[in-house]
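Biologist: I'm new to this structure, and I'd like a close look at how its side chains pair up, starting with the salt bridges. Could you walk me through that part, and then show me what sits around it?

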Amino acid sequence: MKTVIGVHFWERQARLSVCDADSVNIAALNLPAEIKLLNIVANDFSIMKAFEVIDTFVNERMNVSDYALVICISDDTGLQEIQRLYRCAEEFGVELITTVTETMAMAYFSYVEYGIEGPVMMAFASPAKLAVADYFLEGGSVEKMDTFIAGRWNGTSFNKTEFLTPGSKRFFDVTESELVICSGTMDRCLAFDQALKNYVATSNTFLNSKMEFKMIDPQCIIEGTGFICGKLEGREAFMGLTAVDTLSAYELFISINGVTWPILDMDRIIPLKESIELEKYPETEKPFDDIRIYERRGMTLTEVSRMNVPKEKTSPFYRKPCKLTVYADENRNLEFTVSSILVDEDLVLKVYDYMKTGEEEEVKELKVEDFIAKVLPVIDDLEYAFKYAKDEDNPYTQGIRKTYEKAIQILEANDVTVISGEGEPFDYNTQTAVAHVMDDDLPDNTVKQVMQAGYKYKGKVLRTASVIVAN
């Protein structure tokens with residue numbers, strides 16, 4: 001059998017875990033500089049680079065050539081990013097067995113290592129994100145019940161934190177968990193503990209006010225992932241254990257020719273099969289049906305994938321009542337079936353197959369992104385050369401400035417925009433804080449200085465701006 005290796009990207013490293021009988025061995029690999037500041041699962045370039053580092057280490061240092069991966073992802077990772085992981089793994093030539101969220105790995109570890117049972121809340125507080133989810137541990141099963149928070153967090157208050165849905169806050173208030181297990185960086189765990197205490201003390205709806213708080217080492221995540229690897233390898237110590245996860249932290253919607261319906265709640269566990277009835281299948285004048293899948297993240301709908309289905313396949317359903325069935329396997333591969341209610345006729349649409357039809361254009365875009373990423377250090381050097389020159393009026397310095405400005409003009413003409421933000425509120429999505437300073441002349445959380453500009457390509461962040469934040 002293949003060796004199953006767990007992977008967790010944490011603090012600019014790829015942490016690996018391998019199960020050995022009833023224990024787990026762990027290693028940490030430094031990631032290449034060009035992807036350290038990126039969200040690894042956000043684009044193909046960073047994923048493929050990470051796979052290269054992992055493959056080299058596994059082959060040369062572990063002397064393992066036949067292996068498969070289990071990747072531990074943050075709880076706010078959506079289906080779009082998960083599908084990207086599977087696609088990149090297939091292109092790289094490595095098997096990705098499954099993905100597991102950070103709070104799930106924590107819950108698995110807590111059950112195996114500490115024997116904790118019953119309802120328990122898991123919280124993972126990293127420098128920029130917070131995930132809070134409810135689990136039920138009993139009889140060898142680690143089951144996710146609800147995800148309340150998954151995403152950006154300012155670290156001071158729950159009142160300024162977006163719950164996944166309004167219903168998430170309601171369920172959070174009535175949780176049956178008497179224990180909160182928190183992991184991550186120490187300062188963020190302490191901030192979460194204080195924010196939770198303040199929330200409980202000031203809330204009129206939070207029921208379980210005597211909740212116990214327990215902090216554990218963030219290594220529990222990669223060890224918990226290693227336990228899951230042991231389960232998948234059939235290790236005796238982990239037999240009988242199961243992990244029951246949801247399809248996504250977000251609600252799922254489907255749009256057909258511009259008409260949108262909710263199709264899956266955020267608490268649906270995988271594998272799953274759910275159906276909804278459409279009073280009338282919407283028609284289109286285009287030569288194909290435009291079918292899109294969305295996740296609702298906060299107040300917005302984020303596109304997961306798009307299918308352009310030839311009209312000859314769908315026209316028999318036009319203006320007729322239909323049943324739409326969605327199926328997801330354990331790897332979160334989606335399959336939709338359109339069934340006529342009036343006649344015995346079905347159309348099966350495998351989302352992954354239709355995503356592949358646009359692969360050529362996607363590869364082209366990735367090559368453009370890769371090229372731009374390689375050019376950015378040269379543009380940085382031009383910028384530093386004239387910014388820190390002793391004689392700004394020197395003709396050579398002025399020539400460098402004009403060359404830099406011309407390069408920026410070329411980038412902007414090709415859909416590349418510069419991310420700076422000096423004097424503006426700090427934005428987690430486009431900026432990385434490399435330092436904090438006190439400045440009474442600036443409002444809290446304001447960018448005082450840009451150390452390195454960031455760049456977007458067609459709205460997608462290629463590199464975040466490195467900034468100094470005031471207060």
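Modeller: Let's start with R87 and D44, whose side chains meet in a salt bridge, at 2.9 Å from N to O. Keep in mind as we go that this is a predicted model. R87 belongs to helix α2 (residues 79-92) and D44 to helix α1 (residues 44-60), so this pair ties together parts that are 43 residues apart in sequence. And are these two buried or exposed? Both R87 and D44 are buried.

Now hop over to E303, which has a couple of partners to look at. One of them is R292, and the side chains of E303 and R292 meet in a salt bridge of 3.5 Å, N to O. Here distant parts of the chain are linked again: E303 is in strand β16 (residues 300-310) and R292 is in strand β15 (residues 288-297), eleven residues apart. E303 has a relative accessible area of 24%, so it counts as partly exposed. R292 comes out at 21% relative accessibility, and that makes it partly exposed too. Buried means under 20%, so the value of 21% puts R292 outside that class. E303 also forms a salt bridge with R306, and there the closest N and O atoms are 3.3 Å apart. R306 is partly exposed as well, at 40% relative accessibility.

Elsewhere, salt bridges that share partners join D265, D267, R268 and E274 into one network. If you tally up the whole model, the count comes to 21 salt bridges.

Charges can also sit over rings, so have a look at those next. The charged end of K214 sits over the ring of Y114, 5.4 Å from its centre. R170 does something of the kind with F171: it lies over the face of that ring, at 5.1 Å from the ring centre.

That brings us to the rings themselves. A search of the whole structure turns up 19 aromatic pairs. Take F109 and Y114: their ring centres are 5.6 Å apart and their planes meet at 85°, so this pair is edge-to-face. If you want to see why, planes over 60 degrees apart count as edge-to-face. F109 is buried, with a relative accessible area of 6%, while Y114, at 42%, counts as partly exposed. So what kind of pair do W153 and F158 make? Their ring centres are 6.4 Å apart with the planes at 45°, so that pair is tilted. W153 and F158 are both buried. They also belong to a bigger picture, because ring pairs link F148, W153, F158, F163, F172, F192, Y199, F206 and F213 into a cluster.

From that cluster, it's easy to step across to S168. This serine lies in helix α4 (residues 166-173). Leaving out residues up to four places away in sequence, S168 touches T147, F148, F163 and M266. Among these, F148 and F163 are members of the ring cluster you just saw. S168 is at 3% relative accessibility, so it counts as buried.

Another serine to find is S141, which is in strand β8 (residues 141-152). S141 has a relative accessible area of 19%, so it is buried too. Setting aside neighbours within four places in sequence, S141 is in contact with F136, T242 and V244.

Those last two residue numbers are handy, since strand β11 (242-244) is one of the elements that give two or more residues to the lining of the second largest pocket. The others are β5 (95-101), α3 (102-114) and α6 (219-233). β5 gives the most, with four residues. The pocket has a volume of about 450 Å³. It is lined by 19 residues, and T98, T99, L232, A243 and E330 lie nearest its centre.

Finally, there's some closed-off space to point out. A search of the whole structure finds four cavities of 30 Å³ or more. The largest cavity holds about 80 Å³ of space. Of the 13 residues that line it, T77, T101, S248, A249 and R332 are the closest to its centre.

Methods: Residues numbered from 1 in each chain as written. Predicted model: local features only at pLDDT ≥ 70, side-chain atom pairs only at ≥ 80, totals over all residues. Heavy atoms only, no water. Buried < 20%, exposed > 50% of the residue type's maximum accessible area, 1.4 Å probe, protein only. Contact = heavy atoms within 4.5 Å. Phe/Tyr/Trp six-rings, centres within 6.5 Å; stacked < 30°, edge-to-face > 60°. Lys NZ or Arg CZ within 6 Å of the ring centre and 35° of its normal. Salt bridge = Lys/Arg side-chain N within 4 Å of Asp/Glu carboxyl O. 1 Å grid on protein atoms, 1.4 Å probe; cavity = no way out; pocket = protein on both sides within 12 Å on 5 of 7 lines; lining within 4 Å. Points joined across faces, edges and corners; volume = space filled by probe spheres on them.
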